[in-house]
Amino acid sequence: MVSNKFSDWLLGTAQFGMPYGVTNDRGQTSADEAWRMINLALRSGAVGVDTAAGYGDAEKVLSLDVLSARITTKVSCQSDLTIRQQVENSLVNMGCSCVDSVLIHDAESLKISGALQSVSRQLEELKSEQLITAAGVSVYEVEQTKALLDHWIPDVVQIPLNPLNQSFLESGEAQRLKKAGVTLQSRSLFLQGVLLTSLLPHRLQKLTDLFDNWQAFLRKNEMSTLSACKSFAAAQDCIDHWVLGFENYAQLEAFIAAPVQNVSMQSCAVKDIDRVNPSKW
């Protein structure tokens, strides 16, 4: 039985359009398996999907017009296309007339003079035309949202959060966003698969001490990797929607079946956040 805490999660689709994740050795998920996963997720508490134009062919694989589901997609400020053109292309790719949320994928670009005002205005126009229901931004670091709320209160902010990276909790930024009325989505629960693997990829050997500490925590508490990650997520009441991506059907099925345990993971948090920020690996 799926925990009630996951009754409104979103299925991540990066793997559906490209070989995503530092521990992914199987490559891109096939379209047939992707649809099996979508159907299983929607039967098991998911209310929609998270995708992006930058995820290769993911939007085309989805063809979301056949689904009654919440859709989050993302656009880039660095594209040669306008925000409107990118959203319109996404709607065509997915065969739908509107999406639930559109997020800016490259939050750092909003720091450029005038960018935030221009982008937020374009997104508000799309909302007024009912092409999108909500507008927001996907971020990597606490500092990115601290500056944001002084000039724009987005409908949705997507943050990284997992047992090793608890920066948005420890800084109080997640709570501040919630107090401002922002819907919080959280991604990177598995840290691109690092928290699920039994063997750290060679390119990430610099994280050996962190990985060893994580493995020791699992052994001490007699928890599987999936159960530990799911238990961490279930304990975070401030998160409205978890974005959960899986490499294959079996992994998704195992996560759904994994038990939730009441175990504190505060000791797992890493202080040097750059070490657990995939954009800096």
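In this predicted model, Val 157 stands opposite Leu 184 in β7. Strand β7 (residues 183-187) is joined by five bridges to strand β6 (residues 156-160), and the two strands run parallel. This pairing belongs to a barrel into which eight strands close, in the order β1-β2-β3-β4-β5-β6-β7-β8, with parallel pairing. On average, and with direction ignored, neighbouring strands of this sheet are turned by 25° against each other.

Strand β3 (residues 70-75) contains Ile 71. Its relative accessibility is 5%, so Ile 71 counts as buried, the limit being 20%. Between Ile 71 and Met 94 there are 10.0 Å in space, C-alpha to C-alpha, for a separation of 23 residues in sequence.

Helix α5 lies across β4 and β5, and runs at about 155° to β5. The helix comprises 14 residues (115-128); at 1.5 Å a residue the expected span is 20 Å, and because the end C-alpha atoms are 20 Å apart, the two values agree. Buried in α5 are Ala 115, Leu 116, Val 119, Ser 120, Leu 123 and Leu 126. Viewed down the helix axis, these residues fall within an arc of 120°, and therefore they line one face of α5. They pack against α4 (83-94), β4 (99-104), β5 (132-138) and α6 (142-148). After α5 comes Gln 130, with a positive phi near 60°.

The structure also holds six aromatic pairs. Two of them are set out below.

| Aromatic pair | Centre to centre | Angle between planes | Geometry |
|---|---|---|---|
| Trp 9 and Phe 246 | 6.4 Å | 75° | edge-to-face |
| Phe 232 and Trp 242 | 6.5 Å | 75° | edge-to-face |

Trp 9 lies in strand β1 (residues 9-12), whereas Phe 246 lies in the loop between β8 (241-245) and α11 (249-257); the pair therefore ties together parts that are 237 residues apart in sequence. Both Trp 9 and Phe 246 are buried. Ring pairs link these two residues with Phe 190 and Phe 255 into a cluster.

In the pair of Phe 232 and Trp 242, Phe 232 belongs to helix α10 (residues 225-234) and Trp 242 to strand β8, so the parts tied together are ten residues apart in sequence. Phe 232 counts as buried because its relative accessibility is 4%. Trp 242 likewise counts as buried, at 3% relative accessibility.

Conventions:
Residues numbered from 1 in each chain as written. Predicted model: local features only at pLDDT ≥ 70, side-chain atom pairs only at ≥ 80, totals over all residues. Heavy atoms only, no water. Helix = DSSP H or I, 4+ residues; strand = E, 2+ residues; numbered from the N terminus. Expected span 1.5 Å × (residues − 1). Buried < 20%, exposed > 50% of the residue type's maximum accessible area, 1.4 Å probe, protein only. Arc of directions from axis to C-beta. Contact = heavy atoms within 4.5 Å. Pairing = 2+ DSSP bridges. Axes fitted to C-alpha atoms, helices over the stretch in contact; angles between N-to-C directions. Phe/Tyr/Trp six-rings, centres within 6.5 Å; stacked < 30°, edge-to-face > 60°.
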